[in-house]
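Open your viewer and keep the sequence panel in sight. We will go from one selection to the next and look at what is there.

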Amino acid sequence: MPDTFRHTNVKRKSWLIDMFDTKVFNKYGVPIWVLAVSSVIPAFLVSVLIIMESHLTGVLVNNPSHRLVKGCTPNWDTFLMGVILLVCSLLGLPWLCADSVRTMTHIKTLTVYSKYSAPGEKPRVLYIHEQRVTIVLVHILVGLFLLFPDLIQSIPVAVLLGVFLFLGFISLSGLQFVKRFEMLFMSSKYFPDYSFTRKVRTSKIHLFTIVQFILAGIMFGIKLSPVSPLFPICVIGLALMRRYAMSRIWTEEEINELDPEESGSEDDSDRE
């Protein structure tokens, strides 16, 4: 971590990026307008990925099981993110995007659960403290840490990786995919009482889980491969596969049970 607030490239003299710098022509040997036109393709792919990440986080946060009272503003969030990304691009700063793991961890810390429940039944969500104080304080504290670079450098990398692993692990607890993956190694008579276990045959549940597991592995491999810039196209391909290919094996009702748009809501609604 640098000791001062400066550019990563020490040769830069201005914070504003010169998009018509003649050095680009000398480096690549092509006109600048050709580079500008060709950059539309990767820009489109990255924008699709950022928008999907933002909307995915919004779907997870606004899950009906969280019993949120205040309304959501996905269009306003997308607009603000676009403005912030534009400013970051002009200044050469890192892009910002929604962080689903950190967001869900924040939601869980503000959640109030029922104190009493039937034997074997998990505590139910009563309400969530909907406020902005904690997230504002978090960002203020993050900014203050820049005043103590020596303290940050003294933290072992293994500790940071352990924290990230813990945050990722606890975020898996509410996913239906994790529940169905555990059911692969269970007898059907020990299945939890969920909506999809009552409305979908066991063989189709297991087949859907296996297909999801294989596709997740393929996506993870693409993300780590040299063709990772094509990751947004693969995500769009998954949506098309769910819409057209998987409907030949599972009915629309079965797909909605196994892969609901708002995962987790079906379990709570059936018990109310």
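Which exposed residues does the face of α4 turned away from its buried side carry? Select α4, residues 74-91, and look for Asn75 and Leu86, the exposed residues on that face. Exposed means over 50% relative accessible area, buried under 20%, and partly exposed in between, with a 1.4 Å probe and protein chains only. Helices here are DSSP runs of H or I with at least four residues, strands are runs of E with at least two, and both are numbered from the N terminus.

A word on the model before moving on: it is predicted, so local features need pLDDT of at least 70 and side-chain atom pairs count only at pLDDT 80 or more, while totals for chains, interfaces and linings use all residues. Residues are numbered from 1 along each chain as its sequence is written, and side-chain values use heavy atoms, leaving out hydrogens and water.

Now turn α4 around and select Met81, Leu85 and Cys88, which are buried. They cover an arc of only 65° around the axis (taken from the directions from the helix axis to the C-beta atoms), so they sit on the same side of α4. Show α3 (40-61) too, as it is part of what covers these buried residues. Step just past the end of α4 to glycine 92, which takes a positive phi of about 70°.

Next, go to glutamine 176 in helix α9 (residues 176-183). Its relative accessibility is 3%, which is why glutamine 176 counts as buried. Show its side chain: a polar contact joins it to the side chain of arginine 180 at 2.8 Å. (A polar contact is a pair of N or O atoms within 3.5 Å; within protein, one must be able to donate a hydrogen and the other to accept it, and residues adjacent in sequence count only if both atoms are side-chain atoms.) The side chain of glutamine 176 also reaches the backbone oxygen of glutamate 257, at 3.0 Å.

For the last stop, select the largest nonpolar core, with 11 residues including Met183, Phe191, Trp250 and Leu258. Such a core is a set of buried Ala, Val, Leu, Ile, Met, Phe, Trp, Tyr and Cys residues joined through side-chain atoms within 4.5 Å. Helices α11 (202-224) and α13 (252-258) each supply at least two residues of this core. Apart from this core lies another, of five residues, among them Met104 and Ile128.

Notes. Expected span 1.5 Å × (residues − 1). Contact = heavy atoms within 4.5 Å.
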